[in-house]
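User: I would like to learn how to read the main features of a protein model. Could you take me through one, step by step?

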Amino acid sequence: MALKVLTDLDSARTQYYHFKAIIIAGMGLFTDAYDLFCIPPIMKLIGRIYYRSPTDSNNLYEVPRTVTSAMIVTALLGTVIGQLVFGRLGDLIGRRKVYGFALMIMVLSSFGCGHSICTSRTCVLLSLGFFRFLLGIGIGGDYPLSATIMSEFANRKTRGAFIAGVFSMQGFGILASSTVTMIVCSIFNRANGGNDGADLAWRLILMIGAIPAGLTYYWRMMMPETARYTALVERNVPQAARDMEKVLDISASQIVEEFSTYLPNSPRSNYSLFSKTFIHSHGLDLFACSISWFLVDIVFYSSNLFQSQIYKRYLSNNHNVNAFQEAFEVAKIQAIIAICSIIPGYFATMYFIDRIGRVKIQMMGFFFMAITLLAIGIPYYSYWNNNTNIGFMFLYGLTFFFSNFGPNTTTFIVPAELFPARFRTTCHGISGAVGKLGAIIGSIGFLWASHNKKDGYNEGIGMTASLILLAGVCVVGMITTYFFTSETMGKSLEENENIGINEDHQNESVGNDY
C-alpha cells in the first residue's frame, strides 16, 4: 500500500512551483551547455593570442584539435567524478543538502576559468584545464540531483515533460553562450578593431556564464527536501507532508496515514546497493540506462569531428578577419543550430514524451541519427567535401534534433524514474558517469579516426568510415533500447521501481545479500 503523501504527489495538478522547479533545477544544465559550447569560439580567440607565428605576425594559427579536445575531456573527467560522488551523497544525506554545494562549485570554477593570472600559453591552458576539471565535478553532481528532484516533485502524468523541461535548459545555455559571445566580440571589435583585448574577451565570456547559476543559489537553498526522500529514506512522513504543503497546494492536515501500512520493514525494501537482490531486481535496468547513455554520448560528442568541416565551409578565411570577427561567426553558427534544431528537439520531447513514451522516442532518435549520419558519411568525399550548400548544414542540424528528440534527453529522464528512492541519485550518477566515458571516447577516440595525413596527424580511417561507424553505434543503441529499456510512462515512481522485481523475489532471504 502506497503512502498517501506519495499518491497525492502523483495526482497533484500542475502548479506554479513545478515550473519554478524546472528553472531552479535546470540552471545547472544551462551552465553545462554554456560551458561546452563556448569552447569553440573561445579557442578561436586563444588561437589568435597564443598560437601566433613567431616569424610572421600575419600568420595566425588554429589551436590544435588535440588541445581543444583536451579542454573538453578535462571537464568530462570531472563530470564522471561528480556524478558518482554527488549521486551517492544525494542518497546518503539527502538531495537538498548537497544540491547547493554542487551549484557553488560550478559558479566558483566558472569564475576561476576566467581568472588565470598566467601569461604563457602553457600556463594559461593548464590553468584553464584545472578549473574546467573542477567545473566538471560541479556539473556532474548537478545531473543526478536535478533529475531526481524534479522526478520526485512531479506528478505521474507530466513527470516526463517536467524532467525534459529541466534538461531543455541545455538548449538555452547553448543559445546564451552564443549570444554572449557575439555581444562581447561585437563590443571589443568596435572598441579595438583588431585583436587587442582578445585575452580579456574570452575570460569575460567564461565568467558571465556563472551569473545565472549564481542567481539561483538562494532558491536552491530554500527548496525543501523532496517528500519521497523524507518519507521513504528518512522515514519521516509528517515532515514530508509539511514540506509538500510549503510548495504545493495540498493541505498537510488532509494527509492522515499510518506509516506502518507501507511495510517499511519488508525484506524486499531492505536490500543494499549492489546486493544480489539489487542486481537481480535492478541490474538490467542499470545496464540499460548506462549503455544507452554511453552510446548516445559517443555520437553526440563526436559531432566535433565535423564541426570543423562546417566552419571551413561557412567561415571567412582567418587571414581576412580579426579575432573577434572569427569568434563571432563561430558563435553565430552555433546560435543558428541551437534555434533551428537543438531547442526544437527538446520541445518535441517535452510534448510527446508523456504521450508516446520514453522507449519509442529513444529508439526513433537513434534510428534517425543513424540515417542522417549515413547521409553525411557515405557521399562525404564524393559530394559533401566539394559542395558548400545548405543540405550539409540541414543534415548536421538533424543529428542534433533527433539526439534531443531522442536518446540525449531520454537517457537523462529514465534513470530518475526506475530505481528505489534510496538508490535513485546513485544509479542516475552511475548511468551518467558511464555515459560520460562514452563522451570521452567521442571526444578523443574518434579524433584520430577522421584524419587524413594532410591534417598534420597520423592517417586515420577518414570521415566516411568514421561517420558510418557512428551510425553503427546508433543502430546498436536502438537495438539495446528495444530489448533492455523499461517503459516508465504513466506509472508512479514506486510502481516503476518494481518493474524489474519478479514474484519469486518474495521468497528470497535477506541472508543472500552481501
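User: What share of the contacts in the chain with a separation of 6 or more comes from residues 24 or more positions apart?

Analyst: This is a predicted model. Contacts with a separation of 6 or more can be sorted by how far apart the residues are along the chain, and residues 24 or more positions apart account for 85% of them here.

User: How many helices and how many strands are there in the chain?

Analyst: The chain has 21 helices and zero strands. Of its 514 residues, 60% are buried. Its accessible surface is about 20000 Å², with 64% of that belonging to carbon and sulfur atoms.

User: How do I check the length of a helix, and what does helix 2 span?

Analyst: Compare the distance between the end C-alpha atoms with the span expected at 1.5 Å a residue. For the 35 residues of helix 2 the expected span is 51 Å, and the end C-alpha atoms are 49 Å apart, which agrees. Helix 2 has a kink of about 40° at Ile39, shortly before the proline Pro40. As for cover, 30 of the 35 residues of helix 2 are buried.

User: Where is the kink in helix 12 centred?

Analyst: The kink in helix 12 is centred on His282 and comes to about 60°. Helix 12 covers residues 276-301, and its 26 residues should span 38 Å. The end C-alpha atoms of helix 12 are 35 Å apart, which agrees with that value. Helix 12 is mostly covered, with 19 of its 26 residues buried.

User: Is helix 19 largely enclosed or exposed?

Analyst: Count its buried residues: 17 of the 22 in helix 19 are buried, so helix 19 is largely enclosed by the rest of the structure. Helix 19, residues 424-445, reaches 31 Å from its first C-alpha to its last, close to the 32 Å expected.

User: How is empty space inside a model found, and how many cavities of 30 Å³ or more are there?

Analyst: Rolling a probe the size of a water molecule over the atoms shows where empty space is left. Here the count is nine cavities of 30 Å³ or more. The largest cavity holds about 120 Å³ of space. It is lined by 15 residues, and the closest to its centre are Tyr143, Gln170, Phe300, Tyr301 and Asn408. Helix 2, helix 6 (159-192) and helix 12 each give two or more residues to that lining.

User: Which value of phi does Arg235 have?

Analyst: Phi of Arg235 is near 60°, a positive value in a residue other than glycine. Arg235 sits in the loop between helix 10 (227-233) and helix 11 (237-247). Its relative accessibility is 38%, so Arg235 counts as partly exposed. Phe274, also not a glycine, has a positive phi of about 65°. The loop between helix 11 and helix 12 holds Phe274, which is partly exposed with a relative accessible area of 38%.

User: Is Glu497 buried or exposed?

Analyst: Residues under 20% relative accessible area are called buried. At 13% relative accessibility, Glu497 counts as buried. Glu497 lies in the segment after helix 21 (493-496). Leaving aside neighbours within four places in sequence, its contacts are His282, Leu418, Phe419, Pro420, Ala421 and Arg424. One of these, His282, is also where the kink of helix 12 is centred. The C-alpha atoms of Glu497 and Asp285 are separated by 9.7 Å, although the two are 212 residues apart along the chain.

Technical notes:
Residues are numbered from 1 along each chain as its sequence is written. This is a predicted model: local features need pLDDT of at least 70, side-chain atom pairs count only at pLDDT 80 or more; totals for chains, interfaces and linings use all residues. Side-chain values use heavy atoms; hydrogens and water are left out. Helices (H or I, at least four residues) and strands (E, at least two) are DSSP runs, numbered from the N terminus. Buried means under 20% relative accessible area, exposed over 50%, partly exposed in between (1.4 Å probe, protein chains only). Contact means heavy atoms within 4.5 Å. Accessible areas come from the Shrake-Rupley method with a 1.4 Å probe; for residues, only the protein chains shown count as cover. The expected span of a helix is 1.5 Å times one less than its number of residues. The bend at a residue is the angle between axes fitted to the seven residues ending there and the seven starting there. On a 1 Å grid over the protein atoms alone, a cavity is a set of points where a 1.4 Å probe fits but cannot get out, and a pocket is an open set with protein on both sides within 12 Å along at least five of seven lines; lining residues have an atom within 4 Å of a point. Grid points are joined across faces, edges and corners, and a volume is the space filled by probe spheres set on the points.
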